[in-house]
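Me: I would like a close look at a single part of this model, followed by an account of how the rest of the chain is laid out. Please take your time over the answer.

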Amino acid sequence: MSAPRREADWSPAAGRRALLRALAAGAAGALPLAWIGPAAAQEYPTPFGPSAADAVARMVKLAAPRAGELVVDLGSGRGDILIAFARAHPGIRAWGVDINADLVRQATQAAQEAGVAERVQFFHRNAFDADLREADVINMWLFANLTRLLRAKILAEARPGARVLINGQLIGTEGILGNWRPDVIDREGTYPIMMWVVPARVDGYWSWELAVNGTKLVYDAILYQQFQNVEGTARVGNRRESFIDTRLRGDELTLGFDLTVPDLGRTRHVYTGRVRGDAIQGTVRLSTGDGRKVEVPWLARRTPSSDWFRPTGVELK
Ligand SMILES: C[S@@+](CC[C@H](N)C(=O)[O-])C[C@H]1O[C@@H](n2cnc3c(N)ncnc32)[C@H](O)[C@@H]1O
């Protein structure tokens, strides 16, 4: 039976204590010892325990996979999560890996019994050796320390826009992926479910030109990024300004700033675009102080150095 939500202690320490209590109960016979699995070649082996059914249903809803997408479970246990995804979304494919060969066999059999084995496969593999490049949804429910180690692999391999789901059951929500904070926390059920969206890499120098009213404007920008959080500054002519509104969700970037530009005066800039490696493509809406509005295409390119730093001079206008 689940503890009432208001009394629950979601701290990682409480999570570890609760899981160890469950394991101790297992050793006493309430859970089969085989569930604990072999000690893995890693600092923080995580034993098996199935995600609660309501948590699984909410994960499927939160990830909202589209037809053709690939759902992955790192530490797939009995396979409950991927089987639920495949039942709810006939157009998706899924695979899971688990360090425990017996659980891989159980999950494979469960997928066959559920009639989804053509689309859902399970492999006996360490999560650190799984290939995440094609994954659209990555699920894991492991000890927080192990999850945090997998963060490096996810950020290096998974494509921008991939969703990462973690069940907060026993492990809570605090610092699960360190300073990479969840984009969404669903607290509607017994346990919180967290979702992250893998951010595109935008840190660095960018440059672009805009053609406005027959005038060519050259922008040089610097973006600073920590996970999905972006700050920055742009320059046009001899004016520089910090961004006031930025948002990065997967490969979708929004940048906003007010900057004085030749012929237009103080102008609000709102850029929206998609990051494609070393390019960002989209549009910018310009709104001038006297009410003029213009929308023009935006194509930014990453540059190895930046004209943002070139001398300003003393003739300020
Ligand atoms: C808490 S269970 C979660 C099972 C399933 N994902 C769910 O939520 O119902 C954790 C699972 O991860 C597996 N596991 C632990 N470390 C692993 C690793 N390094 N690579 C792959 N699987 C691992 C365990 O054997 C166990 O089945």
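Is D136 buried or exposed, and what is its relative accessible area?

Reply: D136 is buried, because its relative accessible area is 10%, where buried means under 20%, exposed means over 50% and partly exposed is in between, with a 1.4 Å probe and protein chains only. This is a predicted model, in which local features need a pLDDT of at least 70 and side-chain atom pairs count only at pLDDT 80 or more, whereas totals for chains, interfaces and linings use all residues. Residues are numbered from 1 along each chain as its sequence is written, and side-chain values use heavy atoms, with hydrogens and water left out.

D136 is found in the loop between β3 (120-124) and β4; helices here are DSSP runs of H or I with at least four residues and strands are runs of E with at least two, numbered from the N terminus. Leaving aside residues up to four places away in sequence, D136 touches G68, E69, L70, R159, A162 and R163, a contact being heavy atoms within 4.5 Å. With one of these, L70, the C-alpha separation is 5.3 Å although the two positions lie 66 residues apart along the chain as a sequence distance.

The strand β4 (137-140) also appears in the surroundings of helix α2, whose buried residues pack against it as well as against α3 (80-88), β5 (163-167), β6 (184-186) and β7 (193-197). Within α2 (residues 53-63), the buried positions are A55, V56, R58, M59, V60 and A63. Just after this helix, A64 takes a positive phi of about 40°, a positive value in a residue other than glycine. A64 lies in the loop between α2 and β1 and counts as partly exposed, because its relative accessible area is 40%.

On the other side of β1 (70-74), G75 has its place in the loop that leads to α3. At 29% relative accessibility, G75 counts as partly exposed, and beyond residues up to four places away in sequence it touches V97 and D98. The C-alpha atoms of G75 and I99 are separated by 7.0 Å, the two residues being 24 apart along the chain.

Two further positions lie later in the sequence. D263 is in the loop between β13 (252-261) and β14, has a positive phi of about 75° although it is not a glycine, and counts as exposed at 64% relative accessibility. L299, in strand β16 (residues 293-303), counts as partly exposed at 35% relative accessibility. Residues up to four places away again being left out, L299 touches S207, W208, A279, I280 and Q281; with S207 it has a C-alpha to C-alpha distance of 8.7 Å across 92 residues of sequence.

The strand β14 (265-276) brings us to a pocket. About 310 Å³ of space lies in the second largest pocket, and both β14 and α5 (144-157) give two or more residues to its lining. On a 1 Å grid over the protein atoms alone, a pocket is an open set of points with protein on both sides within 12 Å along at least five of seven lines, and lining residues have an atom within 4 Å of a point; grid points are joined across faces, edges and corners, and the volume is the space filled by probe spheres set on the points. The lining comprises 16 residues, with L155, P160, P199, A200 and R201 lying nearest the centre of the pocket. By class, nine of the lining residues are nonpolar, two polar and five charged, with Ala, Val, Leu, Ile, Met, Phe, Trp, Tyr, Cys and Pro counted as nonpolar, Asp, Glu, Lys and Arg as charged, and the others, Gly among them, as polar.

For the protein as a whole, there are five helices and 16 strands, and 45% of the 317 residues count as buried. Residues 24 or more positions apart account for 59% of the contacts with a separation of 6 or more.

As for confidence, the protein averages a pLDDT of 88, and 85% of the residues score at least 70, pLDDT being the predictor's confidence in each residue, from 0 to 100. Over residues 1-12 the pLDDT is below 50, and this stretch has 22 contacts in the model beyond near neighbours in sequence. Over residues 22-40 the pLDDT is also below 50, with 19 such contacts.

Terms used
1 Å grid on protein atoms, 1.4 Å probe; cavity = no way out; pocket = protein on both sides within 12 Å on 5 of 7 lines; lining within 4 Å.
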